[in-house]
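Here's a quick briefing to read with the model open beside you. Take it topic by topic and click along as you go.

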Amino acid sequence: MKNENLIYPFTAIVGQEKMKNSLILNAINPKLGGVLIRGEKGTAKSIAVRALANLLPEIDVVADCKFGCNPHKRASMCQECTNRLERREELPIKKRKTRVVELPVGSTEDRVIGTLDIEHAIKKGEKRFEPGVLAEANRGILYVDEVNLLDDHIVDVLLDSAAMGVNVVEREGVSYSHPAEFILIGTMNPEEGELRPQLLDRFGLCVHIEGIADLDQRVEIVKRRAFYEQDPAGFQKTWKEEEEKIRKAIIRARELLGQVNISDEILYLIAQIALDMNVDGHRADIMMMKASITLASFNGRREVLKEDVQSAADMALQHRMRRKPFHKPGVEEEKIAGIISHAHPHRHEYVHTHSHSHKT
Ligand SMILES: [Zn+2]
């Protein structure tokens, strides 16, 4: 990664707050299940993803493991690393930046999940595995541009892996699995075709982004871009403090995440929003809860407030509502704000009123 210091700073991206927020939330809490960024071309999507990775703290990896296992977390190690530990070998550790692995257009399933050498397994009785994209993406970010143009089956495999944190490869009765914990970030331009609703629903969050209409902001984008292209190092220096601030906020939020309380009042509010917004199933409620908790941690709080729910609802519901044609963006946000402002603490007499600490 020789161009590492040429990466555009995350905090220097003008506007697009929802996209930036959704990325940060996934960086804090990988269990949010990734984000789908919908919008037109040329809206800084891939710049933002690379900038996010650059912002994240370095991670410890087992230096010679092809999956980059976490040396401090035995439960999520690959079979080889586990075997080595059982033989009381010491695992060599090195630091690594968070990777962004981009799924090449037209990738085959083999390229994505990796390949098992069946002949070798039958002859020698040992499993020889050629890692694929999912192995490379372990503990990093998997970036899928134009996810709507991928084969449905491949999207299915990606979403399965993202949800379970494991990649399972099965060939002719031989099975091999390895850790594949990654943040899935997909982008798509809805004008070029939709994702099936079943696939949409499995992305934890979704944001819709547009080109910026504000004149001042447009000028600011051009100015920053010019400065950056002329003197990338100088530009980065200007943003160093902002970058450091947000990096620290992410680290602090990760520590706080397990301690955030969510009251029954907030849970009722979430359920009410899901009902009023006309969503199918319960995933919307669960994602609103997880995203609200993560937002609270990012804001340095141990308590979820209504304002967290407002931002979380927008990201968790975008892709789960039964949409009407000629839908205007922003309408839902207003409706959600209305539900929140009209909500009153109710039904508490029927339930336990204590707060729960939810594992997310
Ligand atoms: Zn390993």
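Let's start at a spot on the outside: E172 counts as exposed, because its relative accessibility is 70% and the cut-off for exposed is over 50%. Keep in mind that this is a predicted model. E172 sits in the loop between β8 (166-171) and β9, and its phi is positive, about 45°, even though E172 is not a glycine.

**Another positive phi**

- Q16 also isn't a glycine, yet it has a positive phi of about 50°.
- You'll find Q16 in the segment before α1 (17-28).
- Is Q16 buried or exposed? At 14% relative accessibility, Q16 counts as buried, because the cut-off for buried is under 20%.

**The chain as a whole**

- The protein chain has 14 helices and 13 strands.
- Its radius of gyration is 22 Å, close to the 21 Å that the globule rule gives for 360 residues, so the chain is as compact as a globular protein of that length.
- If you want a feel for the dimensions, the C-alpha atoms fill a box of roughly 70 × 60 × 40 Å along the principal axes.
- Of the 360 residues in the protein chain, 48% count as buried.
- Take the contacts in the chain with a separation of 6 or more: residues 24 or more positions apart account for 77% of them.
- The protein chain exposes about 18,900 Å², and carbon and sulfur atoms supply 51% of that area.
- On the charge side, the chain carries 52 positive and 55 negative charges, and the mean positions of the two sets are 4 Å apart.

**Aromatic pairs**

- How many aromatic pairs does the structure hold? The count is seven.
- One of these pairs is F129 with Y176: the ring centres are 4.5 Å apart and the planes are at 20°, so the pair is stacked. The cut-off for stacked is under 30 degrees.
- F129 belongs to strand β6 (residues 129-130) and Y176 to strand β9 (residues 174-179), so this pair ties together parts that are 47 residues apart in sequence.
- Both partners are covered: F129 is buried with a relative accessible area of 5%, and Y176 counts as buried at 7% relative accessibility.
- F227 and F235 are arranged in another way: their ring centres are 5.1 Å apart and their planes are at 80°, so the pair is edge-to-face. Here the cut-off is over 60 degrees.
- Cover isn't shared evenly in the F227 and F235 pair: F227 counts as partly exposed at 34% relative accessibility, whereas F235 counts as buried at 1%.
- F227 and F235 also belong to one aromatic cluster, together with Y8, Y228 and W239.

**Helix α2 and V49**

- Helix α2 (residues 45-55) is mostly covered, with eight of its 11 residues buried.
- Which residues of α2 are buried? They are K45, A48, V49, A51, L52, A53, N54 and L55.
- V49, found in helix α2, is buried with a relative accessible area of 1%.
- Leaving aside residues up to four places away in sequence, V49 touches L23, V100, I141, Y143 and I185.
- V49 and K20 are 29 residues apart along the chain, and their C-alpha atoms are separated by 8.9 Å.

**P190 in its loop**

- P190 is in the loop between β10 (183-188) and α8 (197-200).
- Its relative accessibility is 25%, so P190 counts as partly exposed.
- What does P190 touch, not counting residues up to four places away in sequence? Its contacts are R38 and G39.
- From P190 to L269 it's 31 Å in space, C-alpha to C-alpha, with their positions 79 residues apart in sequence numbering.

Notes. Residues numbered from 1 in each chain as written. Predicted model: local features only at pLDDT ≥ 70, side-chain atom pairs only at ≥ 80, totals over all residues. Heavy atoms only, no water. Helix = DSSP H or I, 4+ residues; strand = E, 2+ residues; numbered from the N terminus. Buried < 20%, exposed > 50% of the residue type's maximum accessible area, 1.4 Å probe, protein only. Contact = heavy atoms within 4.5 Å. Rg over C-alpha atoms; globule rule 2.2 N^0.38 Å. Areas by Shrake-Rupley, 256 points an atom, 1.4 Å probe, with all protein chains shown as cover. Lys, Arg positive; Asp, Glu negative; His and termini not counted. Charge placed at Lys NZ, Arg CZ, Asp CG, Glu CD. Phe/Tyr/Trp six-rings, centres within 6.5 Å; stacked < 30°, edge-to-face > 60°.
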